Amino acid sequence: MYTELIYETRGDVGVVTLNRPQARNALTHTTYAELTDAVHTTTARCLVITGADPAFCSGDDVKQVMLAAGEQTGERLRAEPRITPAAKALLETDVPVIAAVNGAAVGWGMELAVMADIRVASERARFGELFVKRGLCCDVAGIGRLASLVGRERAAELLFTGRIIDASEAREIGLVSRVVPHDDLLPSALQLAGDIASNPPLAVQKLKHGLRRALDPDWNDLGRWVSASLGELFRTEDHKEGVASFLEKREPKFVGR
């Protein structure tokens, strides 16, 4: 059914595996569309999202997504700002979501992890909000949820610096609920998902609704702001330099325009 992810069921648990290991599960437009569809169409009582080793998700595919996001994309985002459809699907689903982070979760990969209700990390996991390194702002989860997990000051540090942290530090600051040996990651996540799926689904859904009402911002409004902001930033010299320096494996020279 899908070409860039695998969807399978284990009883009442659905497992989504991003499946572009040769690209460290970097996201293309196809991956985004398939992830959105998998979340919308699942009949599972709990979802586990993971990546094919060695990475969880390395964010947007720079060549297929970022290089294509030039002036035309910037204008479209500014003219028709909206929340990223995959983010909307994940943040509005009634199904509890567990991120089983098996390796690098950077850029939108970290956003994906933060959008989950619970994060279980392998000892090999790494986390980084790298958007600032590309001259961009993060998506909605980095702004609307990261601070509630780790506190405003730590969130600001991670967002403003683009620093990558390991699994141990992620556990220390409250970004993940537990860190387990790599080989135990999926069994641990599936055990937790099974415990959730065994409970009355309507009660679990109400609890998730309650958490959203108490803690989450208006995701659609925030998504429009993020989209409009990205529309501006995609057109800057600093964004072009951030992408070029990454591809050329050199230090960037940002100029503030």
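N25 is buried, with a relative accessible area of 1%, and this residue sits in the loop between β2 (13-18) and α1. Its phi is near 60°, a positive value in a residue other than glycine. The model described here is a predicted one, and the points below take up its backbone, its nonpolar cores, its second largest pocket, its cysteines and a few single residues.

**Backbone features**

- A second residue with a positive phi, although it is not a glycine, is K249, where the angle is about 55°.
- K249 lies in the segment after α13, and with a relative accessible area of 75% this residue is exposed, whereas N25, at 1%, is buried.
- The peptide bond that joins D53 and P54 is cis, with an omega of about 20°, and P54 belongs to the loop between β3 and α2 (62-66).

**Nonpolar cores and helix α4**

- The largest nonpolar core has 59 residues, and those with the most contacts inside it are L35, F56, W108, F127 and L175.
- Helix α5, which covers residues 108-115, gives the most to this core, with 6 residues.
- Another core lies apart from the largest one and has 16 residues, among them I98, A100, V120 and I196.
- In helix α4, made up of residues 85-92, the buried residues are A86, A87, A89, L90 and L91.
- The cover over these buried residues of α4 includes the helices α1 (29-41), α5, α6 (140-144), α11 and α12 (219-233), together with β3 (46-51).

**The second largest pocket**

- The volume of the second largest pocket is about 420 Å³, and its lining is made up of 17 residues, of which D117, I118, R145, K208 and L211 lie nearest the centre of the pocket.
- Two or more lining residues come from each of the elements β6 (118-122), α7 (146-150) and α11 (201-215).
- Helix α11 provides the largest share of the lining, 6 residues, and α11 is also among the elements that cover the buried residues of α4.
- Sorted by class, the lining of this pocket consists of 9 nonpolar, 6 charged and 2 polar residues.

**Cysteines**

- The structure holds 0 disulfides, a disulfide being a covalent bond between the sulfur atoms of two cysteines.
- For a pair to count, the two cysteine sulfur atoms must be within 2.5 Å, and two cysteines illustrate how this cut-off is missed.
- The closest cysteine sulfur to that of C46 belongs to C57 and is 20 Å away, so this pair is too far apart for a bond.
- The sulfur of C138 has its closest cysteine sulfur in C137, at 6.1 Å, and this distance is likewise too far for a bond.
- C46 is buried, with a relative accessible area of 0%, and C138 also counts as buried, at 7% relative accessibility.

**Residues of helix α1**

- T30 is found in helix α1 and counts as partly exposed, at 34% relative accessibility.
- Not counting residues up to four places away in sequence, T30 touches T3 and E4.
- From T30 to I118, which are 88 residues apart along the chain, the C-alpha atoms are separated by 25 Å; I118 is one of the residues that lie nearest the centre of the second largest pocket.
- H40 also has its place in helix α1, and with a relative accessible area of 57% H40 is exposed.
- Between H40 and L159 there are 29 Å in space, C-alpha to C-alpha, and the two are 119 residues apart in sequence.

**The segment after α13**

- V255, like K249, is placed in the segment after α13 (237-248), but V255 counts as partly exposed, at 43% relative accessibility, while K249 is exposed.
- Leaving aside neighbours within four places in sequence, V255 is in contact with E237 and D238.
- The C-alpha atoms of V255 and E241 are separated by 9.2 Å, and these two residues are 14 residues apart along the chain.

Notes: Residues are numbered from 1 along each chain as its sequence is written. This is a predicted model: local features need pLDDT of at least 70, side-chain atom pairs count only at pLDDT 80 or more; totals for chains, interfaces and linings use all residues. Side-chain values use heavy atoms; hydrogens and water are left out. On a 1 Å grid over the protein atoms alone, a cavity is a set of points where a 1.4 Å probe fits but cannot get out, and a pocket is an open set with protein on both sides within 12 Å along at least five of seven lines; lining residues have an atom within 4 Å of a point. Grid points are joined across faces, edges and corners, and a volume is the space filled by probe spheres set on the points. Helices (H or I, at least four residues) and strands (E, at least two) are DSSP runs, numbered from the N terminus. Ala, Val, Leu, Ile, Met, Phe, Trp, Tyr, Cys and Pro count as nonpolar, Asp, Glu, Lys and Arg as charged, and the others, Gly among them, as polar. Buried means under 20% relative accessible area, exposed over 50%, partly exposed in between (1.4 Å probe, protein chains only). Contact means heavy atoms within 4.5 Å. A nonpolar core is a set of buried Ala, Val, Leu, Ile, Met, Phe, Trp, Tyr and Cys residues joined through side-chain atoms within 4.5 Å.
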